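Visitor: Please show me the structure, and then we can go through it by question and answer.

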Amino acid sequence: MICSSLHRPLCTLLLGIGLLASSCQQGEQRSTRLQIATTIAPAAQVITEIADSLVTVTTLLPQGNNPENYEPTPQAIQALASSVAYFYMGDLGFERSWVERIHTMQPALQLIRLDQDLVGPAHHHSDSSTHLHDPHYWTSVRGLQSMGKSIYNSLCRIDTTHRAQYDAGYQRFTQRLEHVDRTIKEQLSDIPSRAFVIYHPSLSEFAEEYGLKQLVIEQDGKEPTPQHIQALIEEAKKLGVRVVFIQQEFDSKLIESIAKELGARMVVINPLGGDWEEQLLLITRALSDTTSSSIPTR
């Protein structure tokens, strides 16, 4: 069976699509809004910023859920089955097995990869189909710019009637990005340390873009060895690290002990959160502030 080697959440998703796709295509009245599905909240927000009221966006992985064990709701499955396009991030581990099988179950659904136009030192394309980069590219202005451009171009192609509205939305989005970029550069121009520690390497793009050094606790997606932790602490001390980031879905005990050893603040971030501007400015403030009064910590 097609689901024999898949996790149960993915099985539920695919079987649901198979049952609902034909009925959605045949029996439902078409909404006045364009039905779009995407994987995570940051992409959903950018789509909505550009398209405004012209689209209805369904997020397959709602905020606050662990992607490794999340089971899509029946409502999400139905929304995906009735969507005209699925905007997916590209290299997220849990997302890879979804795309090919979703296409098999619903071939009419347009699959739009949002990382195709990423450029810069952190992006290496070995061929036309292989993308090697930090999959969390939306945690940087450069990544958001590329994602926004892909979303804008795709919406204009799918819905030519509303090109003028998409033009206006895309212009507002890029202007907002430019403002955020200026703010980040200004606040990071003179900071106590240009290095930081993080558990899971989700800020590679941000570090590359603003000349920072990311020291990662996790080793190839696994718990770190004592030797790795000791080497990381020694390097962090040499670089004067003052901030240790943790994503809210990870256990904080190890990070707390490392932060204590370094005398650094532990700052909770949420890369999967919908408000990309809030997250980027939170990270920036954590690196630039000399006190912890305005920084969420554990």
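Visitor: Which residue caps the N-terminal end of helix 10?
Guide: Residues are numbered from 1 along each chain as its sequence is written, and helices (H or I, at least four residues) and strands (E, at least two) are DSSP runs numbered from the N terminus. This is a predicted model, where local features need pLDDT of at least 70, side-chain atom pairs count only at pLDDT 80 or more, and totals for chains, interfaces and linings use all residues, while side-chain values use heavy atoms and leave out hydrogens and water. A side-chain oxygen lies 3.3 Å from the backbone nitrogen of Glu277, and the residue that carries this oxygen is Asp275.

Visitor: How many of the 13 residues of helix 10 are buried?
Guide: Buried means under 20% relative accessible area, exposed over 50%, and partly exposed in between (1.4 Å probe, protein chains only). Among the buried residues are Trp276, Leu281 and Ser288. Helix 10 is largely enclosed by the rest of the structure, because the number of its residues that are buried is 11.

Visitor: Which strands stand at the edges of the open sheet?
Guide: The sheet has 4 strands in the order 8-7-9-10, with parallel pairing; two strands pair if DSSP finds at least two bridges between them. Each edge strand has a single partner, so one side of each is left without a neighbour in the sheet; these are strand 8 (213–216) and strand 10 (265–269).

Visitor: What is the bridge partner of Ile198 in strand 9?
Guide: Strand 7 (residues 195–198) and strand 9 (residues 243–247) pair in the parallel sense over 2 bridges. In strand 9, the partner of Ile198 is Phe245.

Terms used
Polar contact = N/O pair within 3.5 Å; in protein donor to acceptor, adjacent residues only side chain to side chain.
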